[in-house]
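Visitor: Could you take me through one part of this model up close? I'd like to see how a pair of helices packs, and what sits around it.

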Amino acid sequence: MMDTLLLSRIQFGANISFHILFPTITIALGWVLLFFRLRYGATGQEKWMDAYKFWVKVFALSFALGVVSGITMSFQFGTNWPGFMETVGNIAGPLLAYEVLTAFFLEAVFLGIMLFGTGKVPGWLHTLATFLVAFGTTLSAFWILVLNSWMHTPAGVEMRDGVAFATDWLAIIFNPSMPYRLTHMLVASGLTVSFLIAGVSACRALWGDKSNGVRIALKSAIAIAAVLIPIQIFVGDQHGLNTLEYQPAKVAAMEANWETQSNVPLLLFALPDEEARENRFEVAIPNGASIILKHKPSGVVPGLNDFVAEDGTPLHPPVSPVFWSFRIMVGTGLGMLALSWAGVWFLWRRKAPLTEGLGKWYLRGLVAMTFSGWLATLAGWYTTEIGRQPWLVTGLLTTKDAVSDVAAGMVASTLIAYLLIYAALTALYIYVVFFLARRATTGEPIVREEPKSEAPLSAVPLAPAE
Amino acid sequence: MAFFSDPGQWLPFTFAGLMGLSILIYVVMDGFDLGVGILFPFASDDEKDRMIASIGPFWDANETWLVLAIGLLLVAFPAAHGTILTALYLPVAIMLVGLILRGVAFEFRAKAPLTQKKHWNTAFFVGSLMTGLSQGFMLGIYIMGLQYTAATVLFALMTAICLALGYAFIGATWLIIKTEQALQAKAIAWAKAGLGGVVGGMAAVSLASPIVSPRIFEKWFAFPNIIWMAPLPLLSLALLIALWVGLRRLPDPDDKKAWLPFAATTALFALAFGGLAYSFYPYVVPEQLTIYEAASAPEALMIILVGTLFVLPMILGYTYLSYRVFGGKATALRYY
């Protein structure tokens, strides 16, 4: 039987993994929608409004899933991790409060106007609502990443009787890893959305949709991805250097490097063995890790064996999950690089229609990569969050000291319920996104025959509420 | 005034007030959303679409008041947050599942294939009902001092049903404002039928609390408190009678009075909530922990208060804008 600590960790991990899928989409999709809306305002071309109309539906769906899974998390702080707020509540509290006050209400209220306000509000107010929703989601990301980064690299506090007290709010907000983590996540959101739009648009193109709305959505998405991916590789590198400075044990685990030494190879494949404290089946590029982390072959990279207590208890994170998550993230990123840059050739240089010959295979590749952003984002979060263990707040609070004393059986039962719901909802979400794409492609009417209601409402054909 | 010169006193009090206000706003505003969901099985498919349209632009913001309330509990009274939520572990989990079902059903019922719509309607109803019941259960257990015995669980089951009924009632009064013709007539009938449940629920809580807690008994019935507090139950009684009479006179020919039952119900909820708040003050965990003991550091509270005073008027302002934009009878909701 697993204990409450492990079960609570799995539960929170499952919850936050499920949750992050949707903000990752809404943060950037809000700005893309604003772009479509502004282009429509500037050109008056229907294709921009077609793109807006389709993607606003996906936005609404993603937003709803983000809201309901986010509420779950705010309660789990209390139900499963009471020690977190009791120890660092003076810092986490104000940051979370500011997120709710400045971002949540803004998004929620203007989402109503953005989704349903046409015909009721003037065009400028609708554009403003779209802007405020995008701004709200980004502001929300800012506050939560401030808090998360502070948990990785705490600053601006002093401990009194085991409780953290703020001494410098600017140092708390602009803590050492915040600028890197925030940028990395915002760009990740941009990439996730561009591959989502590209994948779904490619799918519609393969189904025979020749509309301009699909074509400009595809082009916009590929252009955004092609620009963002090199930026992301650079930001990721900088973030890694920041981690090396403040959380060397995490970097040691990412590289599965056991001894602190120079000329450390970059491992392409390995099976880290924590019992024997060595790697099996290494496939490596000589000096690779030293070059990436220190920018020279003789660079010294910290090793995991430096982070072991006198009695042999490891003070570093579990190695395999961090090592492999990191590789999945980087591998997916390289796939994104290849596909988006190939797309620049396919969409702007190649003369033949995309649905013929090689172009068809390219579109299929995009469809396969529709949710690649999710994969990379999750793998990246696993790298950094598992990489923080055994700490919940680095140096201040361990994960096991924060957990509640709720019975393991209770946590197990809620965990199973959550897992079933999350799995079902994720599957349904993907299904409905493609269903909406199918419906948009075939032009099958959304409005069903409505029984006529009594006058005067009957004059307005009632569409299903959406 | 010593009270206002000591931030260790007035800050926790202010935050208890803010938290109470958020809970009250939540109970009224998401109360009518949830109520509309609980009434779903009694409506035809066409009516269901109209009912959804009456809450579609608002529900998300309404639910955010719950996040703010729980956030304020979390940030202002961290010690109480842990104690209360671990004691309410299971009902909280059931509520969360309910909120998830309700929230996603809004979207999926409009976007999934039409053949699946009836399943999402069911999910919308079940999610709304689960949420209302579990919140009522939590209220009951909270009143009973977060203790689980056969008697307290029985009491909590009763408050669960009463709160769900209360939500259905305020949901019906909301529909009276937002609908017309046959659906409005139906909503009036629902409200009439639900009024008895509201009376029963309020009576049960009012009687049970002083019986369970001698401290609460003392606060209400000792002289001179009984005089000061008398207007509260009397006003509630007057409102209930007004509702009983008023609902019989609806619909009125020019629809001028359609908003009255909702306003009266909101006032009733506020009075009941005020009574509960008075009963429990100064405790945040009943009989165990006061708001002054559980409060965060004054510095942290001050930071939040400054932000709150600045942002709250803006939130109320654009919430007002949204209700203005979507005022009047509910019409079909459509994207762009």
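Guide: Here is a walk through one helix pair, then the core, then a single residue in the other chain. Keep in mind that this is a predicted model.

Start in chain A with helix H4 (residues 123–152) and helix H6 (residues 178–206), whose axes come within 9 Å and cross at roughly 135°. Angles over 145 degrees would count as roughly antiparallel, so H4(A) and H6(A) are oblique to each other. The crossing of H4(A) past H6(A) is right-handed. On the H4(A) side, the residues that meet H6(A) are A:Ala141, A:Phe142, A:Leu145, A:Val146, A:Asn148 and A:Ser149. Their partners in H6(A) are A:Met178, A:Arg181, A:Leu182, A:Met185 and A:Leu186. By type, that contact splits into eight nonpolar residues, two polar and one charged.

Now for the core. The largest nonpolar core has 255 residues, and A:Trp55, A:Ala225 and B:Ala69 are the ones with the most contacts inside it. Helix H3 (residues 82–116) of chain A gives the most to this core, with 23 residues. Leaving out residues up to four places away in sequence, A:Trp55 touches A:Leu29, A:Val32, A:Leu33 and A:Ile197.

Last stop, chain B: B:Ile170 sits in helix H8 (residues 150–178). With 28 other C-beta atoms within 10 Å, B:Ile170 is buried. Beyond its neighbours within four places in sequence, B:Ile170 is in contact with B:Val28, B:Gly31, B:Phe32, B:Gly35, B:Phe262, B:Thr265 and B:Phe269. B:Met29 is 141 residues away from B:Ile170 along the chain, yet their C-alpha atoms are separated by 9.1 Å.

Technical notes. Residues are numbered from 1 along each chain as its sequence is written. Chains are lettered from A and ligands numbered from 1 in the order in which they are written. This is a predicted model: local features need pLDDT of at least 70, side-chain atom pairs count only at pLDDT 80 or more; totals for chains, interfaces and linings use all residues. Helices (H or I, at least four residues) and strands (E, at least two) are DSSP runs, numbered from the N terminus. A residue is buried if 20 or more other C-beta atoms lie within 10 Å of its own, exposed if 12 or fewer, and partly exposed in between; C-beta atoms are placed from the backbone. Two residues are in contact if their C-beta atoms, placed from the backbone, lie within 7 Å. Axes are lines fitted to C-alpha atoms, for helices over the stretch in contact, and angles run from 0 to 180 degrees between N-to-C directions. Angles under 35 degrees count as roughly parallel, over 145 as roughly antiparallel, 65 to 115 as roughly perpendicular and the rest as oblique. A crossing is left-handed if the near helix is turned anticlockwise from the far one by less than a right angle, and right-handed if clockwise. Ala, Val, Leu, Ile, Met, Phe, Trp, Tyr, Cys and Pro count as nonpolar, Asp, Glu, Lys and Arg as charged, and the others, Gly among them, as polar. A nonpolar core is a set of buried Ala, Val, Leu, Ile, Met, Phe, Trp, Tyr and Cys residues joined through C-beta atoms within 7 Å.
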